Amino acid sequence: LLRSSQPLPGPNRRRCPEDEQLLGSLVAEDERAFIIDLRSPQAAKQARMGGGGTEPKSSYPQWKRLHRALERGRPLQESFSRLVEACGELSTERWLARLEGSRWLSHVKAALSTACLAAQCLDREGCKVLVHGAEGTDTTLLVTALAQLILDPACRTLQGFQELLEREWIEAGHPFQLRCARSASSHARGKQEAPVFLLFLDCVWQLSRQFPLSLEFGEQLLLTLFDNAYASAYGTFLCNSERKRRLCKVRESTHSLWAWLNQPEEKHKYLNPLYSHNPLVIWPSVEPQSIQLWQGFFLRWIRPSQHLEEAWQEMQRLVQGS
């Protein structure tokens, strides 16, 4: 499983022999591989006029390109804003219409479906997979991280999940400072703001709901990660890239969120008491009835959570007692 930004053939169809050689060296003569482009064919064609583009078939003969368009940027931000506004709706009929109109669950379904496609190419076809969008720092990371959660049981442990976030989101350069510049519910929007990381957390919650025994961590960890991505006393999600973090000496001058989460007195709050190691691949359902609204997040300030927290604590007590 590989990830990258888009190639840069531009309108003059430039070539990069080193890139062609690199991808060519990954597959044997009788093998095929897949490029999952997270833009529509039209968007990829338009990107060529600005210097970007796609991999020409003639230069990458063993790589088959698949387009699976995922929304990012303003459309995703507007979808999230509409859903946040809908959560205050008191009329049942209008609530359902506004929920559908927000299209947030459609984004969740599309992300999971694309991650499943990447996982199927790897697991069932035994093929190499390269995932990229435009810059390779938004939906690209969303798909590669979800594919690893689906395939690799190590990523579904608390420690493995932290390493996945560090590798696929933080070190890979997701621009947290730009994407999470203001409160998620703020009406003032910057051009670069987008809840891509929230979409990832929502997809992880969908996996945890469909496979309640397979993830070592619970919903509280996902909520904590979201809160710290937008406002944190720790330096883990600061800046837009690893280079910026080094220039600002973030690791030397701030504390790590992971160090705090892994303290014994904190760690138990985020563990799933029903967790049982599952060595198998977990294939989520993306049928409409299987994708549900993440109530623990979207309704967390509307409906009381006291009883849910008490139930969670009682579950932990019963498991530990047995």
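## A pocket, a core and an enclosed helix

Six nonpolar, three polar and three charged residues make up the lining of the second largest pocket. The structure described here is a predicted model, and this pocket holds about 200 Å³ of space. Rolling a probe the size of a water molecule over the atoms shows where empty space is left. Along the chain, the lining of the second largest pocket takes in Leu 38, Arg 39, Ser 40, Ala 43 and Ala 47, then Ala 69, Leu 70, Glu 71 and Arg 72, and finally Gly 133, Ala 134 and Thr 139.

From the pocket we turn to the interior. The largest nonpolar core has 77 residues, and the members that touch the most other members are Leu 146, Phe 161, Trp 169, Phe 197, Phe 200 and Leu 225. Once the neighbours within four places in sequence are left aside, Leu 225 is in contact with Phe 161, Leu 165, Phe 197, Leu 201, Phe 237, Leu 257 and Trp 258. Another core, of seven residues, lies apart from the largest one, and Leu 23, Ala 33, Ile 35 and Trp 63 are among its residues.

Leu 225 is also one of the buried residues of helix 10, a helix that runs over residues 219-230. The twelve residues of helix 10 reach 17 Å from the first C-alpha to the last, which is close to the 16 Å expected at 1.5 Å a residue. Because nine of these twelve residues are buried, helix 10 is largely enclosed by the rest of the structure. The buried residues are Leu 221, Leu 222, Leu 223, Thr 224, Leu 225, Phe 226, Asn 228, Ala 229 and Tyr 230. Their cover includes helix 7 (158-170), helix 8 (176-179), helix 9 (196-210), helix 13 (257-261) and helix 15 (295-298).

Two loop residues deserve a separate look, and the table sets out their backbone angles.

| Residue | Phi | Loop |
|---|---|---|
| Arg 13 | near 55° | between strand 1 (2-4) and helix 1 (17-24) |
| Lys 249 | near 50° | between helix 11 (242-247) and helix 12 (250-253) |

For Arg 13, phi is positive although the residue is other than glycine, and Lys 249 likewise has a positive phi in a residue other than glycine. Are these residues buried or exposed? Arg 13 has a relative accessible area of 56%, and since exposed means over 50%, Arg 13 counts as exposed. Lys 249, with a relative accessible area of 53%, is exposed as well.

Note on methods:
Residues are numbered from 1 along each chain as its sequence is written. This is a predicted model: local features need pLDDT of at least 70, side-chain atom pairs count only at pLDDT 80 or more; totals for chains, interfaces and linings use all residues. Side-chain values use heavy atoms; hydrogens and water are left out. On a 1 Å grid over the protein atoms alone, a cavity is a set of points where a 1.4 Å probe fits but cannot get out, and a pocket is an open set with protein on both sides within 12 Å along at least five of seven lines; lining residues have an atom within 4 Å of a point. Grid points are joined across faces, edges and corners, and a volume is the space filled by probe spheres set on the points. Ala, Val, Leu, Ile, Met, Phe, Trp, Tyr, Cys and Pro count as nonpolar, Asp, Glu, Lys and Arg as charged, and the others, Gly among them, as polar. A nonpolar core is a set of buried Ala, Val, Leu, Ile, Met, Phe, Trp, Tyr and Cys residues joined through side-chain atoms within 4.5 Å. Buried means under 20% relative accessible area, exposed over 50%, partly exposed in between (1.4 Å probe, protein chains only). Contact means heavy atoms within 4.5 Å. Helices (H or I, at least four residues) and strands (E, at least two) are DSSP runs, numbered from the N terminus. The expected span of a helix is 1.5 Å times one less than its number of residues.
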